[in-house]
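Biologist: Please take a close look at one part of this model for me. I would like to follow a single helix pair and what surrounds it.

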Amino acid sequence: MLIAFPIRVIWWIIIGNIMSIADDNKKDGGVVTAEAANKKEPTDLELAQRSAKGDGDAFEQIYRRHFRRVYALCMRMMSDPVRAEDMTQEVFVQLFNKIGSFRGESAFTTWLHRMTVNLVLMYFRKASTRSELLTEEGETPIQIVRGTENPETMPVVDRIALERAVQQLPPGYRSVFVLHDVEGYEHDEISKMMGISAGTSKSQLHKARLKLRQLLRQQAALN
Amino acid sequence: MECEESVELLSELHAGNVEESTALLIRRHLADCPPCCGVYEDLQTIVVTATSLGQSNDSLEFPDEERIWQRITVIRRTTVH
């Protein structure tokens, strides 16, 4: 059902396929030969089926194809390169163990994406941060004081500055922000994944955005 | 509408989730209140930039793909045997 997939996840799938094709062309020096044109890149489903039968090369292809996306999601949710690296490893180990259960009912990227999110959230729960994830008022709301805000001083939000600011968010805020604003999940999906109400998800998202604004302004003041 | 109430509703306004009458009140407040208007513009910028993060990972630094693959390979072998 198309509506079940966030738009940006669908975009993720499309770009993934385009990048795979682009990589193939690069290997041929940018020239699409007749042989290359006739050579069909195996789909994720085909690779998953081969992996499930013990084909190590197929599993490695899956890893190479999806490593960056899995790491990026882990890094944005965990904001720690070492933990994100360990979690990426854990995702692919879990994937190796469970790949036989992928039946192609959804896109492989969506399935892997959801598996990654679930493992990161499970990590947070095990790390005893569940109370933070569930707390509606995770942070003191940012108060706007008349006369102290000047729209002209708001820094230009570039992607690197935002990445840096996201890493400074409390885990609960960060998870909701990354899942909603970066990955494109809806609040009802986030509420199911995180075990919170949709209202809490909305509230935490809003507070996360306000906190990010504050962090970006602080970053800009230091520069 | 006061600043605090207005700011609380800005994400919902952005998502189009507030009733038209409330949206009108917020917009009137924003028109009269440059600080709140600034907050709204900044939140919109953050959302747009966040969306672009989801579309490209160029702003991230990646660890050594090969090193992680070797670690996974060792664990896989251990699991299989």
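Modeller: Here is a walk through one helix pair in chain A and the core around it. This is a predicted model, where local features need pLDDT of at least 70, side-chain atom pairs count only at pLDDT 80 or more, and totals for chains, interfaces and linings use all residues. Residues are numbered from 1 along each chain as its sequence is written, while chains are lettered from A and ligands numbered from 1 in the order in which they are written.

Start with helix 4 (residues 56–78) and helix 6 (residues 108–126) of chain A: their axes come within 10 Å and cross at roughly 30°. Helices here are DSSP runs (H or I, at least four residues), numbered from the N terminus. Axes are lines fitted to C-alpha atoms over the stretch in contact, with angles from 0 to 180 degrees between N-to-C directions. The crossing is right-handed; that is, the near helix is turned clockwise from the far one by less than a right angle.

Helix 4 of chain A brings A:His66, A:Val70, A:Leu73, A:Cys74, A:Met77 and A:Met78 to the contact. Helix 6 of chain A answers with A:Leu112, A:His113, A:Thr116 and A:Val120. Contact means C-beta atoms, placed from the backbone, within 7 Å. By type, the contact has seven nonpolar residues, three polar and no charged. Nonpolar covers Ala, Val, Leu, Ile, Met, Phe, Trp, Tyr, Cys and Pro; Asp, Glu, Lys and Arg are charged, and the others, Gly among them, polar.

Now A:Cys74. Leaving out residues up to four places away in sequence, A:Cys74 touches A:Ala84, A:Met87, A:Thr88, A:Thr116 and A:Val120. A:Cys74, A:Val120 and A:Phe177 have the most contacts inside the largest nonpolar core, which has 62 residues. Such a core joins buried Ala, Val, Leu, Ile, Met, Phe, Trp, Tyr and Cys residues through C-beta atoms within 7 Å; buried means 20 or more other C-beta atoms within 10 Å of a residue's own. Helix 4 of chain A gives the most to this core, twelve residues.

Technical notes:
Helix = DSSP H or I, 4+ residues; strand = E, 2+ residues; numbered from the N terminus. Contact = placed C-beta atoms within 7 Å. Buried ≥ 20, exposed ≤ 12 C-beta atoms within 10 Å, placed from the backbone.
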